[in-house]
Amino acid sequence: MLRARQGRFLLLTLVVTLFVAACSRDASQRLVVTGSSTIAPLATVLAERFEARHPGVKIDVQAGGSARGIADVRQGLATLGMVSRALKPEEGDLAADTIAHDGITMIVHRNTPVTSLTREQIVAIYTGQLRNWNEVGGPDAAITVVNKAEGRSTLELFLSHFKLSAPAIRADVVIGDNQQGIKTVAGNPQAIGYVSIGTAEYEASRGGPIRLLPLDGIEPSTATVSAGRFPLSRPLNLVHRGELGGIARDFVDFARSTEVHDLVTGQYFVPLAGR
Amino acid sequence: MSPASISFRSPAADRTLYRALALCAGLVAAILALILVYLTVASASLLVADAEAGGGLWQTQWSPSAGVFGLLAMLVGSAAVSVLALLIAVPPGLVLAIWGRFFAPPGIGALYRGTMGLLASIPSVVYGFWGLVVLVPWLNRWAPPGASLLAGALILALMILPILVLQADLALEEARRRHLAGAMALGASVSGTVRRVLLPAAAPHLVPAVLLQLGRALGETMAVLMVAGNVVQLPDSLAAPIRTLTANIALEMAYASGAHQTALFASGWLLLMLVTVLMLVARHLAARVARGARDAT
Amino acid sequence: MRPDQTDRAADADRLHGRWMGIVALATLLVPALLVGELLVEGLPALSLGFLFDAPADAGRAGGIGSVLVSTLWVLAVCLGVALPLGLGCALFLVEQVRADSRLGRGLQLVLDILGGVPSIVFGLFGNRFFAVELGLGFSILSGGLTLACMVLPLFIRAAEQALRQCPLGYRRAAVALAVSRWGFVRRILLPVAGRGIALGIVLSSGRALAETAVLLFTAGYVTRWPESWLDSGRTLAVHIYDLAMNVSGGSTNAAATALVLLALAIGIQGLAAMLGRLSTGASQ
C-alpha cells in the first residue's frame, strides 16, 4: 500500500515536471512578429529560413501596419514589431534594428512622354495647382493623382520629403497597398503615383507599363538607394522594447547578417551594406 | 396556421428539446448584443463628445492628422454605391431566377443555379482585383479616373447577384409549389402566372432577401476599396471617386490610434445603425405586403 | 410543369423564355470573363506540387498545401459551430414560435441585423473578443468562431425556409400517431428539409471561403502547417489577397490559388447535393 502511494506520488511529480517543462519550452520557442505589411513578406521568408536552421522554433509573422507593430510591442502582444520607417522621437521607449532599406519613387505610365519632374512640379501636381499634363510637357489630359491612404509610412515619408501636409493634397485616387498603386498607374495613362522602388523596379523589368521618374536628378533604383544617393529612402526596422534575449536576439542578428542578402534582394529591398 | 400552433403531446424529451432550441436562439441573440455593446463602448467617446464638438462627426471633411473626423461624405458614398449596385443587380437577378426555374430546361436551370453558388464563393479580393486591372482601366477611357462610384457599384452588383438569384429562386420555388398548378389549371401562361401570382406571393420573402443584399453591399469592404477611388468627397457624378465607410475602416484601422481609432469605430457603429433601420423598414414592408396578399386571396 | 398547354399562353411563354435566356447569357458574360482570366493566368501554375507543398519565397514559389489545410480547418470550425447552433435556432423559430408573436418577430429582426453587420466589423469584433478577451490569439479557432457568427444569419434563413416547406399534413399525421415533437423533427422534418439545409450549408461555406478582412484580423497571416486549433494559419482568401496586393509578382499564384478555391467550392456543392439527395431519399 505504501509502495502504491509512493508510486502515485512519483508519477504525479513526473507529470507535473514534464508539463512545466513543456510549457516553458513552448514559451521560449515561439516568437511573435507583427507590423508593417511591406516588411511582412520579407519577415516571412526570413522566418522560414531561420526555422529550418532551428528546429522547434516557431516564428509567427502577422501583418497589420507599422502602428500595429509598435502598439503590440508596447503591450507585450508581440516581441518584435515591423516598422517601415525610422522611429519618431515619441517612440523613444523602443529600440530599432534595421534589416533592409527601401526607397520611394514617383511612377507614371510608360506612355507618358514626360521623363522627369522637378520638386516644385510634383508639389504643384499633388496640391492641385498643376492639373494638366500639357503644363509639364505632356499631352492635353487631366492628371490623375494617386496618393496613399493616411497613416501609411510611405505617405508620411512622401509628405516630409516634399514638405506637404496631408490635408493639402488633392488626390483623384487613394490607394492602400503598393500593388494597388502599381496596378492603378499601369492601367491609367494619365496617372502619377509613388510606390516602393523595389516593387516598381520589379514591375518595370517584367514589362509592366510604368516608368520610374528620377528625383532631384537621381535615378531611382535599388543601386542608388544602396549607395545612399537616392534622396527618398527609408529603413525597414524590427523594433523591440528593452533588451532582447534568446531566439529573438538570434533572429534579429540573423536578419541583419549577410546570409540573408539573397532573401532581401529577392523581395526587392536593399540589403544592409555588408556586415 | 403556423407549425408552432399545432401542439404535440409533450413528453420530457420535448421539454429538453424546447430548452435546447431556446438556448440556441438565445446564443444567437447574445452574439448580436455582444457586437452592439462592444461597438457602442468603443465609439462612445466621440459619439458623446460630438454634441459639443460642433460639426464633429457630421461634416464632410475627413483629415485624421488634423483631428477632423467627418463621416458625412463617406456615409453618402456608402449609401450611393450600395443603392446603385442594387438597382443594377435586382432586375437581372429576378429575371435570372425566374428564367432558371420556369423557362430553362431543368438541367440547365440546375446548372445555372450551381454556377451562381460557385460565383458566390469567389473572394471579394478576386472581384476587386479584376475590377482594378480590367474594369477601372476600361472605364478610365470614357470617364477618368475610372476608379469611381460607378466602378464600385458595378463590382458590387456583380458580387451580390449570385446570392440574390439563389435567394429569389428559393422564394419563387416555395410560391411555385403552392400556386403554379392552380393557376395553370385555369389556363394562364407561365409568364402571366409568374408576374401576377408568384411574384406577389413570393414578395414577402423577396423583399427581405433584397434588403439583406443591400446590407451586404453596405458592408462590403475589399472590392470597393480597390475600385472606388477612396477619395473622401461628396460624389457629384457617377464618375467621381468616393470612399465608403467600410473601405475607410479597412484602409486606416491598422494605422489609427486614439481619437482616430474611436472615429473609425464610430463609423462602424453608424453602419450598424443604418443596417438596423434598413432591416426594420424591410420587416415592416414585408408584413404589409403579406397582409395585402392575404387580404386579396 | 412545362408551358405547353394553350397556344396563346405558349406563345407568350416562348417569347418571354427567349429574352430571359438572352439576359441570362449576357449576365454570365462578365463572370465568365473573370473566370477566364483566372484560368489563363493561373492554370499554368497549377500542379500536384502546388497543392501539397507549403508556400516558399513569400508565396511566389512552392505551393499552397499548408494554406489549404488551414482553410479546411477554419471551415470545419465554422460549420461545426454554425450548423448545430443555426439548425437549433431555425427549429426554434419554426417549431416553438408563432410567426406573428413578438418573440418571433424580435428574433427575425435580430437575424436580419446580424446578417447586415459589415464583415470588417466582424473582423474587429472577432479580434477584440475571441483573440484578445478569450485569449485565443491569432488562431484558427478565433477565425472559425468569428466566421460562424457571420454565416449564422445566412444559414438560419436558408434552414428556416427549408423547414417551412414541410407540409402541415405530415405534422398533423405525426400528432395523430402520438409521435413526440422530437421524434417528428428527427425522423420526418429534417430529412424532408434536407435539400434546403444542404443549400444553406453551401451558401454558408461559400460565404466563409470568400471572406478576407475578417480572417486577416483573427486567423492571421502565417503560412506554416497548422498543428493545433490555436495555431495561426492563413486561408486561401487571405493568401490570394497577400499575393495580389502585397507581393511583387504574386499574381500568377494568386490566380492559381483562386482556381483551387473555386474547385473547393465545387466540391462542397457536390457534397451538399449528394447529402441532400440522400436525405430526401430517406424521407421517401
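Strand S4 of chain A, residues 94-109, pairs with strand S9 of chain A in the antiparallel sense, and the pairing runs over 9 bridges. Within it, A:Thr98 has A:Asn237 of S9(A) as its bridge partner. The model is a predicted one, with an ipTM of 0.78 and a pTM of 0.83.

Strand S9(A), residues 233-241, also pairs with strand S3 of chain A, which covers residues 80-83. This pairing is antiparallel too and has 3 bridges. Here A:Met82 is bridged to A:Leu238 of S9(A). The two residues of S9(A) named so far are thus A:Asn237, the partner of A:Thr98, and A:Leu238, the partner of A:Met82. In a regular strand, side chains alternate between the two faces of the sheet.

Elsewhere in chain A, A:Arg170 sits in a loop, the one that links helix H5 (153-162) to strand S6 (173-175). Is A:Arg170 buried or exposed? A:Arg170 counts as partly exposed because it has 14 C-beta neighbours inside 10 Å; a buried residue would need 20 or more, and an exposed one would have 12 or fewer. Leaving aside residues up to four places away in sequence, A:Arg170 touches A:Thr127, A:Gly128 and A:Val145. Of these contacts, the one with A:Val145 joins positions 25 residues apart in sequence, with 7.6 Å between the C-alpha atoms.

Chain A also meets chain C. In this interface 15 residues of chain C are in contact with 20 residues of chain A. On the chain C side, the residues that touch chain A comprise 8 nonpolar, 6 polar and 1 charged.

Chain C itself has 284 residues, of which 60% count as buried. Its mean pLDDT is 82, and 94% of its residues reach 70 or more. The secondary structure consists of 11 helices and 2 strands. In sequence order the pattern is α-α-β-β-α-α-α-α-α-α-α-α-α, so the two strands follow the second helix and precede the third. Along the principal axes, the C-alpha atoms of chain C fill a box of roughly 65 × 55 × 35 Å. Among the contacts in chain C with a separation of 6 or more, 74% join residues 24 or more positions apart.

How is chain C divided into domains? Domain 1 of chain C spans residues 7-45, and domain 2 of chain C spans residues 48-283. Taken over C-alpha atoms, the centres of these two domains are 28 Å apart. The contact between them takes 6 residues from domain 1 and 8 residues from domain 2. On the domain 1 side, the residues that touch domain 2 are 4 nonpolar, 1 polar and 1 charged.

Chain C also packs against chain B, through a pair of helices. Two packed helices are described by the angle between their axes and the distance between the axes. Helix H6 of chain B, residues 190-219, and helix H4 of chain C, residues 102-116, pack at an angle of about 35°, and their axes are 8 Å apart. From H6(B), the contact uses B:Pro208, B:Leu212, B:Gly215 and B:Gly219. H4(C) contributes C:Asp112, C:Gly115 and C:Gly116. By class, the residues in this helix contact are 2 nonpolar, 4 polar and 1 charged. The glycines of the contact, B:Gly215, B:Gly219, C:Gly115 and C:Gly116, fall in the polar class because Gly is counted there.

Conventions
Residues numbered from 1 in each chain as written. Chains lettered and ligands numbered in written order. Predicted model: local features only at pLDDT ≥ 70, side-chain atom pairs only at ≥ 80, totals over all residues. pLDDT = per-residue confidence, 0-100. Contact = placed C-beta atoms within 7 Å. Pairing = 2+ DSSP bridges. Helix = DSSP H or I, 4+ residues; strand = E, 2+ residues; numbered from the N terminus. Domains from an automatic or database assignment. Axes fitted to C-alpha atoms, helices over the stretch in contact; angles between N-to-C directions.
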